[in-house]
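The following note comments on one structure, point by point. It is intended to be read alongside the coordinates.

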Amino acid sequence: LEIQTKEVGKDDIFKALIFHGLGRVAHGQGYLKEAMKNFEIALQMQRDILGEEHELTADRYLDIGNILCQQEHWDQAEDFHRKALNIQLKAQSDDLHKLTKTYSSLARLLRERGKFAESIKFYKKALASK
């Protein structure tokens, strides 16, 4: 299924969510390149439509960061996780589940990188945010 981004209106958030859904399906099937492509399209569309500081934009950063973790691109993965966390903290959402998930994901990533003290810090923040 070839979908070109120029076919998609930049004002259509629903199409961005469809690209996100396609990314999730591809990710679930282990097609990381296809998932990444769809998540990147969704991220760009959501930034254009909702702005950089929107919580859905943060969700797309996490999606991409998680794929980068699977590919062991640790520096990039950490950058994407931190972008997501910063957006979530600025948004001051009532959705503590997402914030807890982001803290936990970042802690796990830091643990994999051998940054144990920082990992513990984020695990503690995850516990405190519930």
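Is A26 buried or exposed? The points below begin with that residue and then turn to the cores and the helix pairs.

1. The model under review is predicted. In it, A26 belongs to helix α1, which covers residues 13-28. A26 is buried, because its relative accessible area is 5%, and the cut-off for that class is under 20%. Apart from neighbours within four places in sequence, A26 is in contact with Y31, E34 and A35. The C-alpha atoms of A26 and K37 lie 9.8 Å apart, with a separation of 11 residues in sequence.

2. The largest nonpolar core comprises 18 residues. Y61, I64, I67, L68 and F80 have the most contacts inside this core. Three elements supply two or more residues each, namely α2 (32-50), α3 (55-70) and α4 (74-91). The greatest contribution to this core is that of α3, with 7 residues.

3. I67 deserves a separate entry, as one of the core residues with the most contacts. When residues up to four places away in sequence are left out, I67 touches H27, L32, A35, M36 and F39. A second core, separate from the largest one, has 8 residues, among them Y103, L106, L110 and F122.

4. The packing of α2 against α3 has an angle of about 160°, and the two axes are 9 Å apart. These helices are therefore roughly antiparallel to each other, since the angle is about 160° and the class begins over 145 degrees. The crossing of α2 and α3 is left-handed. On the α2 side, the residues that meet α3 are L32, A35, M36, F39, E40, A42, L43, Q46, R47 and L50. Their counterparts in α3 are L56, T57, R60, Y61, D63, I64, I67, L68 and Q70. Sorted by class, the contact of α2 with α3 contains 12 nonpolar, 3 polar and 4 charged residues.

5. The loop between α3 and α4 contains E72. The phi angle of E72 is near 60°, which is a positive value in a residue other than glycine. E72 counts as exposed because its relative accessibility is 56%, the cut-off for exposed being over 50%.

6. How far apart are the axes of α4 and α5, and at what angle do these helices pack? The axes are 10 Å apart and the angle is about 155°, so α4 and α5 are roughly antiparallel to each other. The crossing in which α4 passes α5 is left-handed. From α4, the residues W74, A77, E78, H81, R82, L85, Q88 and L89 take part in the contact. From α5, they are met by K98, L99, T102, Y103, S105, L106, L109, L110 and E112. This contact of α4 with α5 divides into 9 nonpolar, 4 polar and 4 charged residues.

7. A91 is placed in helix α4. With a relative accessible area of 32%, A91 is partly exposed. A91 and E53 are 38 residues apart in sequence, while their C-alpha atoms are 7.2 Å apart in space.

8. Helix α5 (residues 96-112) also packs with helix α6 (residues 116-129): their axes come within 8 Å and cross at roughly 165°. These two helices are therefore roughly antiparallel to each other, and α5 passes α6 in a left-handed crossing. The α5 residues in this contact are L96, L99, T100, Y103, S104, L106, A107, R108, L110 and R111. The α6 residues are F116, E118, S119, F122, Y123, K125, A126 and S129. The class composition of the contact of α5 with α6 is 10 nonpolar, 4 polar and 4 charged residues.

9. Within helix α5, S104 may be examined individually. Which class of accessibility does S104 fall into? S104 counts as buried, because its relative accessibility is 19% and the limit is under 20%. With residues up to four places away in sequence set aside, S104 touches Y123 and A126.

Methods. Residues numbered from 1 in each chain as written. Predicted model: local features only at pLDDT ≥ 70, side-chain atom pairs only at ≥ 80, totals over all residues. Heavy atoms only, no water. Core = buried A, V, L, I, M, F, W, Y, C linked by side-chain atoms within 4.5 Å. Buried < 20%, exposed > 50% of the residue type's maximum accessible area, 1.4 Å probe, protein only. Helix = DSSP H or I, 4+ residues; strand = E, 2+ residues; numbered from the N terminus. Contact = heavy atoms within 4.5 Å. Axes fitted to C-alpha atoms, helices over the stretch in contact; angles between N-to-C directions. Parallel < 35°, antiparallel > 145°, perpendicular 65-115°, else oblique. Left-handed = near helix turned anticlockwise from the far one by under 90°. Nonpolar A, V, L, I, M, F, W, Y, C, P; charged D, E, K, R; others polar.
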